[in-house]
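Good morning, colleagues. Please bring up the sequence and the coordinates, and I shall take you through a few sites and then the chain as a whole.

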Amino acid sequence: MSEAGARGGSQHTWKFFRAGGVDQVVLRDGADIANLGQLDQKLWVALSMPVTVAELDPRTLPLLDTDKDGRIRPPEILAAVAWARDAFKDLGCLLKGGDSVPLDAIKDPALLSGAKRILANLGRPDAASITLDDVSSQEKIFAGTTLNGDGVVPADSAEDDATRAAIADILAPVGTVADRSGKPGVDQAALDAFFAQAGAYTAWAGAASADAAFLPAGPDGTGAALAAVQAVRAKVDDYFARCRLAAFDPRAQAALNREESEYLTLAAKDLSISACEIAGFPLARVEGGRPLPLDGGVNPAWAGAVAALAAAAVAPLLGAGKTTLAEEEWASIQAKLAPFAAWTSAKPATAVEPLGETRLRELLAGPARARIADLIARDAALAAENAQIEAVAKLVLFQRDLYR
């Protein structure tokens, strides 16, 4: 063993031992650790090590690797020592090791406050020390708390049933954010997204009830009428176009009704009224100016769709008992349904619709949004205090591992 005062330019007195032909410094006490920055790096045994050393806790080494390059170097060791010097009253405790730090050994007031908060959350407010097990799980630490500084509020953090119910309603459509306690919660982004969707949906839904023109077949029948029209629109338009062409030149009528040879080809097959070949034929027999029959004489593949059109659209919009549909009447039906069709196509894509318009309007008009926003703000205000939990974990890990 040998001692040197200013060896390597240091003002601190170091003790060395020789092993393998190399002088190595002996860390005897907290003062040696505190003055490590004065030791000439030519006297360090190594100037780099990986963060994958099996002998040390994998939670500790990443705390030292501040630049996250996978290796630990002297400046990072010295930074850890500087942090520990501010955290502990006496760096000598690092030589003792162990996975428990007495509260009276903590120098930093913020760390001390964080340690006491953790112990209180764990139901041990009178404990004299904090252990590695105490800081190993944030979920365990926050399991019994309502506000924990992460800006996420679960339903049970609310102070009244109405707000709890509102949070639960919000979670269903917009998804959950994991609270530190492990519970599903809502943050400000989710809250804003929900009420933006709720506002868009209710504004859209309210437009139909505000104008009778949107619902020409009534609130229950207009949707069915539009669906029936859309199901046959292309085929009915085709029929009336053929009739106009036949009226223009009667010589085209035979061709517009399809050639006899095409029927002969079909007759040689096993027929089904839904067969594509039949569906492709005109909707009804084409004649110049002929209205569309509604009670017979319709292409069998389209008979059901035409019957639905007559019942759901023609009867409520033109009157019951009609057996034919003229082209101008067909145009009238479409004009009456046009506002509803445009309104339907403008429906906003939202996830909140399953809650129903009534519940959404109740949430929009009530105090739920303001109350939840206040909860989130109060929770986020604790962020600085609860961020100390990670620092307290670092404190315990450094006591156990930094000297090693």
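Ala-79 sits in helix α3. Please bear in mind throughout that this is a predicted model. The relative accessibility of Ala-79 is 39%, so this residue counts as partly exposed, given that the intermediate class lies between 20% and 50%. In sequence, 15 residues separate Ala-79 from Leu-64, and in space their C-alpha atoms are 8.2 Å apart.

Helix α3 brings us to the largest pocket. Which element gives the largest share of its lining? The answer is α3, with three residues. Two or more lining residues also come from β3, residues 22-26, and from α2, residues 61-64, while α3 itself spans 74-87. The lining comprises 29 residues in total, and those nearest the centre of the pocket are Leu-27, Trp-44, Ile-77, Tyr-403 and Arg-404. The volume of this pocket is about 800 Å³. What is the make-up of the lining by class? There are 23 nonpolar residues, two polar and four charged.

From α2 I move on to the loop that joins it to β5, residues 71-72, for that is where Lys-68 is placed. Its backbone deserves a remark: phi of Lys-68 is near 55°, a positive value in a residue that is not glycine. Is Lys-68 buried or exposed? With a relative accessible area of 57%, Lys-68 is exposed, because the threshold for that class is over 50%. The side chain of Lys-68 nevertheless has a polar partner: one of its polar atoms lies 2.6 Å from the backbone oxygen of Pro-62. Lys-68 can also be placed relative to Val-51, which is 17 residues away along the chain, with 9.4 Å between the two C-alpha atoms.

A second lysine, Lys-336, belongs to helix α14. Lys-336 has a relative accessibility of 34% and therefore counts as partly exposed. What does Lys-336 touch, leaving aside residues up to four places away in sequence? Its contacts are Ala-213, Pro-216, Leu-317 and Leu-318. Of these, Ala-213 is 123 residues away along the chain, yet the C-alpha atoms of Lys-336 and Ala-213 are separated by 7.6 Å. Leu-317 provides a polar partner, since its backbone oxygen is 2.9 Å from a polar atom of the Lys-336 side chain.

Helix α14 covers residues 327-345, and Ser-345 is also in it. The accessibility of Ser-345 is 63%, so this serine is exposed. A polar atom of its side chain lies 2.8 Å from the backbone oxygen of Ala-342.

For a buried site, I turn to Asn-257, in the loop that runs between α10, residues 253-256, and α11, residues 260-267. Why does Asn-257 count as buried? Its relative accessibility is 16%, and the buried class takes in values under 20%. The side chain of Asn-257 has a polar atom 2.6 Å from the backbone nitrogen of Val-286.

Finally, let me set these sites against the whole protein. How many helices and strands does the protein contain? There are 17 helices and 12 strands. The protein has 404 residues, and 38% of them count as buried; Asn-257, as I said, is in the buried class. Among contacts with a separation of 6 or more, 63% join residues that are 24 or more positions apart. The contact of Lys-336 with Ala-213, two residues 123 apart along the chain, illustrates that kind of pairing. The exposed surface amounts to about 20100 Å², and 56% of it is supplied by carbon and sulfur atoms.

Notes:
Residues are numbered from 1 along each chain as its sequence is written. This is a predicted model: local features need pLDDT of at least 70, side-chain atom pairs count only at pLDDT 80 or more; totals for chains, interfaces and linings use all residues. Side-chain values use heavy atoms; hydrogens and water are left out. Helices (H or I, at least four residues) and strands (E, at least two) are DSSP runs, numbered from the N terminus. Buried means under 20% relative accessible area, exposed over 50%, partly exposed in between (1.4 Å probe, protein chains only). A polar contact is a pair of N or O atoms within 3.5 Å; within protein, one must be able to donate a hydrogen and the other to accept it, and residues adjacent in sequence count only if both atoms are side-chain atoms. Contact means heavy atoms within 4.5 Å. Accessible areas come from the Shrake-Rupley method with a 1.4 Å probe; for residues, only the protein chains shown count as cover. On a 1 Å grid over the protein atoms alone, a cavity is a set of points where a 1.4 Å probe fits but cannot get out, and a pocket is an open set with protein on both sides within 12 Å along at least five of seven lines; lining residues have an atom within 4 Å of a point. Grid points are joined across faces, edges and corners, and a volume is the space filled by probe spheres set on the points. Ala, Val, Leu, Ile, Met, Phe, Trp, Tyr, Cys and Pro count as nonpolar, Asp, Glu, Lys and Arg as charged, and the others, Gly among them, as polar.
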